[in-house]
2 protein chains.
Amino acid sequence: MAAEAGLSRERVLRAAVAIADERGTAGLTMRSLAASLGVEAMSLYHHVANKEAVLDGLVEVVMGEIEEAVAGLDAPAPEEDWRTAMRMRVLAAREVLVRHPWAPGVFESRTGTSLAVARYYDGVLGLMVRGGFSYELGHRALHALGSRALGFSQELFEPDGMEAPEEALAAMAEAVPHLVAMIADASHGGALLGWCDYQAEFEFGLDLILDGLERLRGKV
Amino acid sequence: MAAEAGLSRERVLRAAVAIADERGTAGLTMRSLAASLGVEAMSLYHHVANKEAVLDGLVEVVMGEIEEAVAGLDAPAPEEDWRTAMRMRVLAAREVLVRHPWAPGVFESRTGTSLAVARYYDGVLGLMVRGGFSYELGHRALHALGSRALGFSQELFEPDGMEAPEEALAAMAEAVPHLVAMIADASHGGALLGWCDYQAEFEFGLDLILDGLERLRGKV
DNA sequence: ACCTGAACACCGTTCAAGT
DNA sequence: ACCTGAACACCGTTCAAGT
């Protein structure tokens with residue numbers, strides 16, 4: 001409320017993260033950001049170039065948290081067990097993203113490659129090279145992993161996210177018979193609540209890719 | 001220019017696709033959309049509820065093109081060769097998306113599940129079930145594929161997209177040594193131009209997942 | 001140097017009015 | 001019924017002015 005002077009880029013970005021955590025990125029405007037700091041919107045422009053720079057800064061902050069989480073890991077040396085080392089790294093990144101559900105959307109919105117993201121992928125590649133990957137296979141692996149290396153994947157279709165998937169799908173039963181059957185199959189025991197474990201699904205997809213890469217390691 | 005009367009939802013959506021194709025979604029506003037139809041912005045609201053409905057309609061149009069492409073495929077019966085059938089379907093979808101580079105971004109921006117997208121995933125699931133998948137494994141496969149089933153994957157880090165990756169990365173060489181070495185390795189022959197083939201990388205990632213699923217088919 | 005108020009050029013959208 | 005003009009409540013951002 002009261003304007004504590006001494007604004008700084010860091011303070012602006014911390015406030016932006018707080019707003020995004022509470023209200024999502026839709027609620028993050030230059031005016032709301034300024035208000036949360038007890039200041040006028042125009043004051044922000046002395047510390048960040050514009051709103052795009054604020055979003056870039058958001059990526060930096062999240063990547064900082066991820067790097068911190070990765071650094072605190074007690075992972076095996078990649079030379080010993082690259083797969084476990086990679087798995088732990090990705091799941092540590094995922095834990096950070098769970099705290100900032102808006103982060104994937106902001107990552108995707110950035111067109112240029114940020115240094116912080118490049119540095120993270122450099123670490124992922126370094127891990128694989130130490131684990132016995134050629135640069136060529138490492139390159140392909142980065143593409144194959146895509147955003148999964150950072151702990152999230154794109155879900156375009158989420159029957160699980162529906163409030164009442166059974167009713168919703170029943171309404172369009174003839175249009176999507178297999179999805180209806182799939183849910184019926186999953187709920188054969190009775191309760192449908194939480195029938196889909198996102199964390200387990202993420203790990204399944206991740207393991208599928210890591211297993212595939214392990215099979216190619218040393219051969220390509 | 002001259003207002004040809006006889007606006008309709010379909011005509012509005014076709015115009016919206018044309019604008020997105022030419023200028024990207026940033027250039028798609030209710031005002032620009034109306035102008036391209038020789039009409040005032042407010043006229044649009046007689047045919048679409050609001051801008052969100054326009055974006056939903058964009059998804060419908062693209063999904064329609066994808067379903068059309070899939071229907072025209074001469075793919076093997078899933079019972080005979082589910083992997084080839086799936087591969088052809090995904091790559092056909094990808095060809096449509098290449099024509100509409102803005103589409104992935106719009107897909108991601110939709111929170112609710114659209115009927116058109118649900119129908120597509122229903123087809124994917126049906127293909128797998130006919131190919132010998134249990135509903136349980138089919139469910140996991142849908143998650144593992146994610147947006148890849150529709151022909152695109154999330155690339156958060158694209159050194160390839162840089163105009164001059166060598167110089168750009170050289171500037172931050174000490175921060176990302178492995179990425180620099182990877183590019184040096186890829187350009188050992190000389191020309192770096194087109195060193196990364198996005199289509200090939202997409203197919204590599206897709207095959208990695210399809211191979212993994214094939215190994216589990218019938219066992220889970 | 002840092003912060004501010006008023007203003008500008010945009011948005012999506014409501015509303016009352018036209019035909 | 002369909003289309004319109006003016007207006008409203010927002011955006012991000014520029015600019016000249018304050019301290």
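**Exercise 1. Determine how A:E40 and its neighbours in chain A approach DNA strand C in this predicted model.**

Solution. Begin with the backbone: an N or O atom of the main chain of A:E40 lies 2.9 Å from a phosphate oxygen of DNA strand C. Next, turn to the side chains, where a polar atom of A:S43 is found 2.5 Å from a phosphate oxygen of DNA strand C, while a polar side-chain atom of A:H46 lies 3.0 Å from a base nitrogen of that strand. Then widen the view to the whole surroundings of DNA strand C, which comprise 16 residues, with A:S43, A:H46, A:H47, B:R31 and B:M42 coming nearest. Of the atoms of DNA strand C that come within 4 Å of the protein, sugar and phosphate account for 44%. Finally, sort the residues of this surface by class, which gives six nonpolar, six polar and four charged.

**Exercise 2. Describe the surroundings of DNA strand D, and state which atoms of the strand are approached by A:R31, B:E40 and B:H46.**

Solution. First, list the neighbours: 16 residues surround DNA strand D, and the closest are A:R31, A:M42, B:S43, B:H46 and B:H47. Sugar and phosphate make up 43% of the atoms of DNA strand D that come within 4 Å of the protein. Second, consider the contacts to bases, where a polar side-chain atom of A:R31 lies 2.6 Å from a base nitrogen of DNA strand D, and where an N or O atom in the side chain of B:H46 is 3.1 Å from a base nitrogen of the strand. Third, consider the backbone of B:E40, a polar atom of which is 2.9 Å from a phosphate oxygen of DNA strand D. By class, the surface near DNA strand D has six nonpolar, six polar and four charged residues.

**Exercise 3. Establish how chain B is related to chain A.**

Solution. Superposition comes first: chain B can be laid on chain A with an RMSD of 0.0 Å by a turn of 180 degrees, accompanied by a shift of 0.0 Å along the axis. The two copies are therefore related as by a two-fold rotation axis. The contact surface agrees with this description, since the same surface serves both copies and 100% of the contact residues of chain B recur in chain A.

**Exercise 4. Characterise the interface between chain B and chain A by its area, its polar pairs and the elements that form it.**

Solution. Start with extent: 54 residues of chain B are in contact with 54 residues of chain A, and the area buried between the chains is about 4900 Å², of which carbon and sulfur atoms give 67%. Within chain B, the residues that lose the most area to chain A are B:H143, B:Q154 and B:L156, which together supply 15% of what that side buries.

Continue with the paired residues. Two salt bridges are counted between chain B and chain A; B:E201 forms a salt bridge with A:R140, the closest N and O atoms being 3.5 Å apart. There are also 15 residue pairs in polar contact between the chains, counted where both residues have pLDDT 80 or more.

Now assign the contact surface to secondary structure. On the side of chain B that touches chain A, the elements giving two or more residues are α5 (103-109), α6 (115-130), α7 (135-145), α9 (177-186) and α10 (198-216) of chain B, and the largest share, 11 residues, comes from α10(B). By class, this side has 32 nonpolar, 10 polar and 12 charged residues.

**Exercise 5. Describe the architecture of chain A and locate the salt bridge between A:D207 and A:R87 within it.**

Solution. The secondary structure of chain A comes to 10 helices and zero strands, and its C-alpha trace spans about 60 × 50 × 30 Å along the principal axes. Over all chains the count is 24 salt bridges. In the salt bridge that A:D207 forms with A:R87, the closest N and O atoms are 2.8 Å apart. The pair links distant parts of the chain, with A:D207 in helix α10 (residues 198-216) of chain A and A:R87 in helix α4 (residues 78-99) of chain A, 120 residues apart.

Notes: Residues numbered from 1 in each chain as written. Chains lettered and ligands numbered in written order. Predicted model: local features only at pLDDT ≥ 70, side-chain atom pairs only at ≥ 80, totals over all residues. Heavy atoms only, no water. Contact = heavy atoms within 4.5 Å. Buried area = accessible area lost by both parts, 1.4 Å probe. Salt bridge = Lys/Arg side-chain N within 4 Å of Asp/Glu carboxyl O. Polar contact = N/O pair within 3.5 Å; in protein donor to acceptor, adjacent residues only side chain to side chain. Helix = DSSP H or I, 4+ residues; strand = E, 2+ residues; numbered from the N terminus. Nonpolar A, V, L, I, M, F, W, Y, C, P; charged D, E, K, R; others polar. Near = heavy atom within 4 Å. Least-squares fit on C-alpha atoms with pLDDT ≥ 70 in both.
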